[in-house]
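Colleague: I am new to this structure and would like to know what stands behind the terms used for it. Could you take me through them?

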Amino acid sequence: LVKRNKAKAQAAKRMKFLLDQLLLLPLLIFFTLESFLKLFIPKKRKSVAGEIVLITGAGHGLGRLTAYEFAKLKCKLVLWDINKHGIEETAAECRRLGARAHTFVVDCSNREDIYSTAKKVKAEIGDVSILVNNAGVVYTSDLFATQDPQIEKTFEVNTLAHFWTAKAFLPAMMDNNHGHIVTVASAAGHTVVPFLLAYCSSKFAAVGFHRGLTEELAALKRTGVKTTCLCPNFINTGFIKNPSTSLGPTLHPEEVVVKLINGILTEQMIFVPSSIRFLTLLERIFPERFLAILKRKM
């Protein structure tokens, strides 16, 4: 009798589970249609005038161009880079565009350097309300040719620095329930590329940081603190000679920064080109042996 009652209870639980899933089906259909329709409806862009924007790796490439775009939007800029000459050049152009720009030489592989400079920023300039974690390094070699210090530095800059800058500047955003954390990751944070093992691994971690932080802010009901993650194909910034992948053509920094700024102002995750979102989905669906053949042909 006891076994029969247990079997009935288990059957009832299974039936309840199935009914719960069926009840979710209308919601799935509704939200899928809503997402599809939103593709054709431009999202309203928010104003960031007067915001204090901190950009790491602002002395060159994507970081420099991002600073220029925020300068045009009348933001106050805090520019970090390990290269003093590079950020001074960036700052000069930002000032020419009419923005106030402050420069700090920071080694983003050094946690204490990040924390001590963050204190200076808060004391001298104020609370950062938009944080763009853009600094990154890449080494192109196979696992055994990549030196141990290079692997460590890849993770220190591409991943761990995001934790230290967030811990430094996020508390003020949470207190005000206002702010924005931008994670510059990569398409290599969703799919792998040979001879970039450390880089791909660090970018997978950066995407995980973005997703985890987004969920944590929601759980803490800090809905005014927004997050954005940029996942572009390889950008022609000079770090990698003749970069190429099966995900599409190499990108120019100018086209990526346009997408980045639009993604920040509309509070979205950004894939550049947008087809990468679909390709990464296919990679999770197709059999591994088929994917291996497909990659050889692309």
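Modeller: Start with the cut-offs for accessibility: buried means under 20% relative accessible area, exposed means over 50%, and partly exposed lies in between. E267 has a relative accessibility of 30%, so E267 counts as partly exposed. Keep in mind that this is a predicted model.

Colleague: What makes the contact of K46 and E267 a salt bridge?

Modeller: The rule asks for a side-chain nitrogen of Lys or Arg within 4 Å of a carboxyl oxygen of Asp or Glu. For K46 and E267 the N to O distance is 3.3 Å, so the pair meets the rule. In general, side chains of opposite charge can pair when their charged atoms come close.

Colleague: How many salt bridges are there by this rule?

Modeller: The count comes to 6 salt bridges, the pair of K46 and E267 being one of them. K46 lies in the loop between α1 (2–38) and β1 (52–56), and E267 in the loop between α7 (253–266) and β7 (270–272), so this salt bridge ties together parts that are 221 residues apart in sequence.

Colleague: Is K46 called buried, partly exposed or exposed, and why?

Modeller: K46 has a relative accessible area of 26%, which falls between the two cut-offs, so K46 is partly exposed.

Colleague: Why do E89 and R64 count as a salt bridge?

Modeller: Their side chains meet at 3.1 Å, N to O, and the limit is 4 Å, so the pair qualifies. E89 lies in helix α3 (residues 84–96) and R64 in helix α2 (residues 61–72), so the salt bridge ties together parts that are 25 residues apart in sequence.

Colleague: Which accessibility class does each of E89 and R64 get, and why?

Modeller: E89 is at 38% relative accessibility, between the cut-offs, and therefore counts as partly exposed. R64 has a relative accessible area of 19%, which is under 20%, so R64 is buried.

Colleague: How do you know that E112 forms a salt bridge with R111?

Modeller: Their closest N and O atoms are 3.5 Å apart, which is within 4 Å, so the rule is met. E112 has a relative accessible area of 48%, under the 50% that exposed would need, so E112 is partly exposed. R111, with 41%, is also partly exposed.

Colleague: Turning to the helices, why is α2 called oblique to α7?

Modeller: α2 and α7 pack at an angle of about 50°, with their axes 9 Å apart. Roughly parallel needs an angle under 35 degrees and roughly perpendicular one of 65 to 115, so α2 is oblique to α7. The crossing of α2 and α7 is right-handed.

Colleague: Which residues make the contact of α2 with α7?

Modeller: On α2 they are L62, L65, T66, E69 and F70, and on α7 they are P253, E254, V256, V257, L260, I261 and I264. By class, this contact has 9 nonpolar, 1 polar and 2 charged residues.

Colleague: What makes A198 and H210 buried?

Modeller: A198 is at 16% relative accessibility and H210 at 8%; these values are under 20%, so A198 and H210 count as buried. A198 lies in helix α6 (residues 197–219), and H210 lies in helix α6 too.

Colleague: What do A198 and H210 touch?

Modeller: Leaving aside neighbours within four places in sequence, A198 is in contact with I151, T154 and F155. A198 and F155 are 43 residues apart in sequence and 7.6 Å apart in space, C-alpha to C-alpha. With residues up to four places away not counted, H210 touches T183, T227, T228, C229 and M269.

Technical notes:
Residues are numbered from 1 along each chain as its sequence is written. This is a predicted model: local features need pLDDT of at least 70, side-chain atom pairs count only at pLDDT 80 or more; totals for chains, interfaces and linings use all residues. Side-chain values use heavy atoms; hydrogens and water are left out. Helices (H or I, at least four residues) and strands (E, at least two) are DSSP runs, numbered from the N terminus. Buried means under 20% relative accessible area, exposed over 50%, partly exposed in between (1.4 Å probe, protein chains only). Axes are lines fitted to C-alpha atoms, for helices over the stretch in contact, and angles run from 0 to 180 degrees between N-to-C directions. Angles under 35 degrees count as roughly parallel, over 145 as roughly antiparallel, 65 to 115 as roughly perpendicular and the rest as oblique. A crossing is left-handed if the near helix is turned anticlockwise from the far one by less than a right angle, and right-handed if clockwise. Contact means heavy atoms within 4.5 Å. Ala, Val, Leu, Ile, Met, Phe, Trp, Tyr, Cys and Pro count as nonpolar, Asp, Glu, Lys and Arg as charged, and the others, Gly among them, as polar.
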